[in-house]
Structure formats: C-alpha cells, structure tokens
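Subject: The structure we talked about

Hello,

Here is the structure I promised to pass on. Have a look at it first, and then read on for what turned up in it.

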Amino acid sequence: MSPYFFYKKDLLFAEEVSLAEVAERYGTPCYVYSRSALENHWHAFTSAFGKVRHRICYAVKANANLAILQIFAKKKGGFDIVSGGELERVLAAKGEAKKIIFSGVGKQHAEIIRAMDVGIGCFNVESEAELERLHTLAMQRKKVVEIALRINPNIDARTHPYIATGLSDNKFGIDASEVVSLCKRIQATLPYCKLIGIACHIGSQLTELSPFMEALDCMLAIISMLKTAGISLQHVDMGGGLGVCYQNETPPKITEYVSALCSKLQNSGLEIIIEPGRALVADAGVLLTRVEYVKSTPHKNFAIVDAGMNDLLRPALYDAWHSIKAVKINQDISEKNYDIVGPVCESADCFGRNRSMALKEGDVLVIDSVGAYGACMSSNYNARPRAAEVMVYQDKIFLVRKRETVQSLFAEEDVSVIG
Ligand SMILES: *Cc1c(COP(=O)(O)O)cnc(C)c1O
C-alpha cells in the first residue's frame, strides 16, 4: 500500500482524510485517489532525469479522469493518447496539444484530422498503411505532420500475455527489420511526413529491467543504422510499461529505471521520451466497497461486496491480485478465510480468494492499488452505474466524478420504433 494510505489506530486514511468518512459521504463503490501520491510519482520521474533532456508523456489510458490529467498538465507534462476520445479529454484538462503523442494501431480518419487540426506533437505510426493515410491527409491540408515509427523489437516482456506488446506476433509496431527501408522511403517519397523519432512500447507491468535494456539495444542499433543512411532524429520514445508492486513483485524503482535508460541513451544526443501509465497512478488509487452479505456454505465463506467486475475488471481479465483490507479494523471478530466476490452474474466476478479477514455485513473494505486500469476499464454490465471518483489532497475531499445515474444508462436508447 502506498504511504499515502495508512492506518491511524484502527481507521484507514488517505492522506489526512478518513476513508470511512468518504464512504459515508459519497457512498460505495467509490474510487479514491491521493493527489499527493500522484504528484510524488511525477516528481520521482522528473528528478530522476535531472538535467537529461526528456519528456514524460503520461499514458492516458491508465486513468483518464480529467482531474488526474489536469494534475499532470499543471506539471507541464506530455500525454500519450490512443484515441480521439483521449485527445478531447487531454484538451479538456488543459493539456498542451504540442506535447501529445498519438499511439495506437487503428487511428481513424476523423481522429487523425482532429489531431492534425489541434496540432499534436507527434503521431507514432504503427504500419505502412497508416503512414500512407497520414501522408494523404497531411497533403490535403498542406501541412507537414511530425511522426515517429513505432518499432516492434521482438522482445519478450515476461508479463501477462494480454499486456505483452513487443513480440513479433503482436499486432503492434513495425518489424525492426523493415524500419530502415521505410525511413528511407519516407524521406524520399513522403514530403508531408517528417520523421522526428522512433518509438517502442514492449508491454505493461514489467518487473525486470532486462527487457527494457534489450529493447534499448534494438533501438540504438536502428538509430545507428539510420545515421549511416544519413537520417537524423530528434527523439527516442521508450514507451511505458514500468511495473508496480501489487503483491510481492519487486519492480525496478523509478530512479533505477530512468538511470538505466539515461546511461544508454545519453550519448545519442536525442531527447528521451517515456510514456508511463501504471507507475504514475496505480498505487495512488483505491476502491471502497461495502460488504452487502456474508454467506457461508459447507465449503466456503463468501463476502459479497457492492463493487463488481464492471467497476474493477483486472482480477477477472488478468487474474490480477489486489490487496483487500478493512477500512475499520474489527478487534472483536475473529478472522476467517473469505472469497471476496461481487454481485455480477459471472463466476469471474471475484476480487480475491481465501483472504483471511475479520469482517461483517456493512463493513467497508478497500481494494488497493487500483488507480491504473481500474475506473477507466469499468462498464455498465448488469445495468450498474459507474462508481463515484473522489480525489483527496491533505485534509480536503473533492468529488471528481459523480456516480452515474441509472437513467443516464438508457438515455440514448430509443424505443419509439417499437410502438
Ligand atoms: C499502455 C501504453 C503505455 C502505458 O503502459 P503502462 O504499463 O501503463 O506504463 C505507454 N505507451 C503505449 C503506446 C501504450 O499502449
């Protein structure tokens, strides 16, 4: 658990705010973020770079709440986006267009045009077909676009297969063997695309440095081949992927990760870009949920809570492990092994199995380290409104997203044709 979430006697706090009070005021399920934790992680990255020329582009998909985006925008940060929707979110949070990088394998015409019109900093191109589309659209507008090629370095990130993105059989990036000839083609025949960098992103929740280092070697080899071919770049973008500790993982520290990148890249003379998502936001957020029922069968004890897999998908999707704790420690009840499950009609709707806890109906629990890929992956499955989201800062509480209403869930549906 992040040091910004801690017990005072038997009560769990986020900064100077009691989480029992948040649950009382805003109801459950409810995401709670610590602004100090977010800012602290941001500073850890920037100070690790020191004087080395760099840009940190927060990967918006990890948590796209406007309040979180605005905190990083105020730090003059950049953003890595993967859709037109994320672009609008960054602009709404006063993010600077020039500092936006547009990644993703499926950029649509309208998304590209909008991104060109607002003047984003760079398109990370993932295929030859996308390159041609970008060139055509840029030519029509008579405006040169700055691009980087996303390279697939064929590296095993040694993470969950759903979040490994740097292997040759993944859909992402351009095969390393084809990059140099493609760069030559851009220079020779695509005047409306200006190549300013190369990029990679090999996967998420990496807990070792070595895959990053292997990717770096691949990138350095390409930079050197391009140099030989007379092609110079402005930046090298190493993507995101730094892991966090959910259970007993020991990922590299932010300082170790940044130093390792800098030591290999410093002499290249290129600006270093990274796109961290999870490492910035994961442990800055928790999910509050209330025990609706305690149910004991001859085989098991279940604590049925009011959050479901629609609110937090990671355990169901990736078999992810999250620590679960009581917001108020019960001194007078004995611990038992519980499966902590949600109300959704799927057996995958389970947040933790065989957790030893002292709990009773009505207790508020906290699911830890869900600031990344939590709220942003939530859905309305089972016609469940999305949870409220709250930001705390020192002793202050701000509601940064209201709980959805049930009416809003079907407001766009039209039954007039049915009669
Ligand atoms: C998802 C993603 C990231 C962020 O990954 P994290 O593991 O959350 O740091 C960065 N860049 C790209 C292109 C991504 O798709």
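A residue is called buried here if its relative accessible area is under 20%. Please also keep in mind that this is a predicted model.

With that cut-off, strand 4 (residues 30-34) is a good place to begin: five of its five residues are buried. In a regular strand the side chains alternate between the two faces of the sheet. In strand 4, C30, V32 and S34 point one way, while Y31 and Y33 point the other way, and all are buried.

What does strand 4 pair with? One partner is strand 14 (residues 285-296), which it meets in the antiparallel sense over four bridges; there, Y33 has G285 as its bridge partner. Another is strand 20 (residues 388-393), which runs parallel to strand 4 and is joined to it by five bridges. In that pairing, C30 is matched with A388.

Strand 11 (residues 193-199) is also mostly covered, with six of its seven residues buried. Strand 9 (residues 145-152) pairs with strand 11 in the parallel sense over six bridges, and A148 stands opposite G197 of strand 11. Strand 12 (residues 235-237) pairs with strand 11 as well, again parallel, over three bridges. Here I198 stands opposite V236 of strand 12.

Back at the start of the chain, you will find three strands in an open sheet, in the order 1-2-3, with antiparallel pairing. Its edges are strand 1 (5-8) and strand 3 (17-18), each of which pairs on one side only. Between strand 1 and strand 2 (residues 11-14) there are four antiparallel bridges, and K8 has L11 of strand 2 as its bridge partner.

Now for a pair of helices. How do helix 5 and helix 6 pack? Helix 5 (residues 109-118) and helix 6 (residues 128-141) meet at an angle of about 50°, and their axes are 11 Å apart. The two helices are therefore oblique to each other, and helix 5 passes helix 6 in a right-handed crossing. On the helix 5 side, the contact is made by H109, I112, I113, M116 and D117; on the helix 6 side, by R133, L134, L137, A138 and R141. Of the residues in this contact, six are nonpolar, one is polar and three are charged.

Enjoy looking around, and write back whenever you like.

Best wishes

Methods:
Residues are numbered from 1 along each chain as its sequence is written. This is a predicted model: local features need pLDDT of at least 70, side-chain atom pairs count only at pLDDT 80 or more; totals for chains, interfaces and linings use all residues. Side-chain values use heavy atoms; hydrogens and water are left out. Two strands pair if DSSP finds at least two bridges between them. Axes are lines fitted to C-alpha atoms, for helices over the stretch in contact, and angles run from 0 to 180 degrees between N-to-C directions. Angles under 35 degrees count as roughly parallel, over 145 as roughly antiparallel, 65 to 115 as roughly perpendicular and the rest as oblique. A crossing is left-handed if the near helix is turned anticlockwise from the far one by less than a right angle, and right-handed if clockwise. Contact means heavy atoms within 4.5 Å. Ala, Val, Leu, Ile, Met, Phe, Trp, Tyr, Cys and Pro count as nonpolar, Asp, Glu, Lys and Arg as charged, and the others, Gly among them, as polar. Buried means under 20% relative accessible area, exposed over 50%, partly exposed in between (1.4 Å probe, protein chains only).
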